[in-house]
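User: I would like to learn how to read a structure feature by feature, with the general idea put before the particular case. Could we work through one together?

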Amino acid sequence: GFVISDKCPWGFWWGTAICIALCFFLKLTACAIQQYCIGGYLSKHMWVRRACGVHTPLMRAIELILKKPGLSFGKVMILCGGPDWPTSVL
């Protein structure tokens, strides 16, 4: 990130904005691929569910919150700040 913002020909702040946009795009792409590939195809396999730790009390609590209908503060916090890979398998 520092290399992009430091070497940008338009200046530091444009380089910082480009770096933030690039990181945001990469994060959303990674989440979408995890949701589709891991969550969609592999979530039925027991070895994947075991590797993600969906049997632990923490992941069971996350699962209960995500299964509630509607959009709540807790659900948004899990989806934004929670673990990506295990959440995809749930």
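**Reading the model step by step**

Analyst: Let us begin with a single residue: C31 is found in helix α2 (residues 12–42), and in this predicted model C31 counts as partly exposed, at 22% relative accessibility. In sequence C31 and D84 are 53 residues apart, whereas in space their C-alpha atoms are 6.7 Å apart.

User: What helices and strands does the protein chain contain, and in what order do the elements run?

Analyst: The protein chain has six helices and zero strands, so that from the N terminus on the order reads α-α-α-α-α-α. Of its 90 residues, 23% count as buried, and among the contacts with a separation of 6 or more, 46% are made by residues 24 or more positions apart.

User: How should I read the confidence, and which elements have the lowest and the highest mean pLDDT?

Analyst: The general caution is that predicted coordinates should not be read in detail where pLDDT is low. In this case the mean pLDDT of the protein chain is 81, with 89% of the residues reaching 70 or more. Among the elements, helix α1 (residues 2–7) has the lowest mean, 64, and α4 has the highest, 87.

User: How do I read the cysteines, and how many disulfides does a search of the whole structure find?

Analyst: In general, a disulfide is a covalent bond that joins the sulfur atoms of two cysteines. Here a search of the whole structure finds zero disulfides. For C23, the closest cysteine sulfur is that of C19, and because the two sulfurs are 4.2 Å apart, they are too far from each other for a bond; the cut-off in this step is 2.5 Å. As for accessibility, C23 is partly exposed at 44%, while C80, with a relative accessible area of 60%, is exposed.

User: How do I read charged pairs, and how many salt bridges does the structure hold?

Analyst: The general idea is that side chains of opposite charge can pair when their charged atoms come close. This structure holds two salt bridges. In one of them R60 pairs with E63, with 3.2 Å between the closest N and O atoms; in another E63 pairs with K67, where the closest N and O atoms are 3.4 Å apart. Through these shared partners, R60, E63 and K67 are joined into one network.

User: Where do these residues lie along the helix, and which of them count as buried, partly exposed or exposed?

Analyst: R60 and E63 are three residues apart in helix α4 (residues 57–67), and therefore about one helical turn separates them. E63 and K67 also both lie in helix α4, four residues apart, which is about one turn of the helix. E63 is buried at 13% relative accessibility, whereas R60 is partly exposed at 41% and K67 is exposed at 62%.

User: Turning to the surface, which residues make the nonpolar patch?

Analyst: A first thing to look at is the accessible surface of the protein chain as a whole, about 6700 Å², of which 75% belongs to carbon and sulfur atoms. On this surface Y36, Y41, L42 and W47 make a nonpolar patch of about 520 Å². Helix α2 contributes the largest share of the patch, three residues, while W47 lies in helix α3 (residues 46–52) and is exposed, at 59% relative accessibility.

Note on methods: Residues numbered from 1 in each chain as written. Predicted model: local features only at pLDDT ≥ 70, side-chain atom pairs only at ≥ 80, totals over all residues. Heavy atoms only, no water. Buried < 20%, exposed > 50% of the residue type's maximum accessible area, 1.4 Å probe, protein only. Salt bridge = Lys/Arg side-chain N within 4 Å of Asp/Glu carboxyl O. Helix = DSSP H or I, 4+ residues; strand = E, 2+ residues; numbered from the N terminus. pLDDT = per-residue confidence, 0-100. Patch = residues over 30% accessible without salt bridge, like charges linked within 9 Å, V, L, I, M, F, W, Y side chains within 5 Å. Areas by Shrake-Rupley, 256 points an atom, 1.4 Å probe, with all protein chains shown as cover. Contact = heavy atoms within 4.5 Å.
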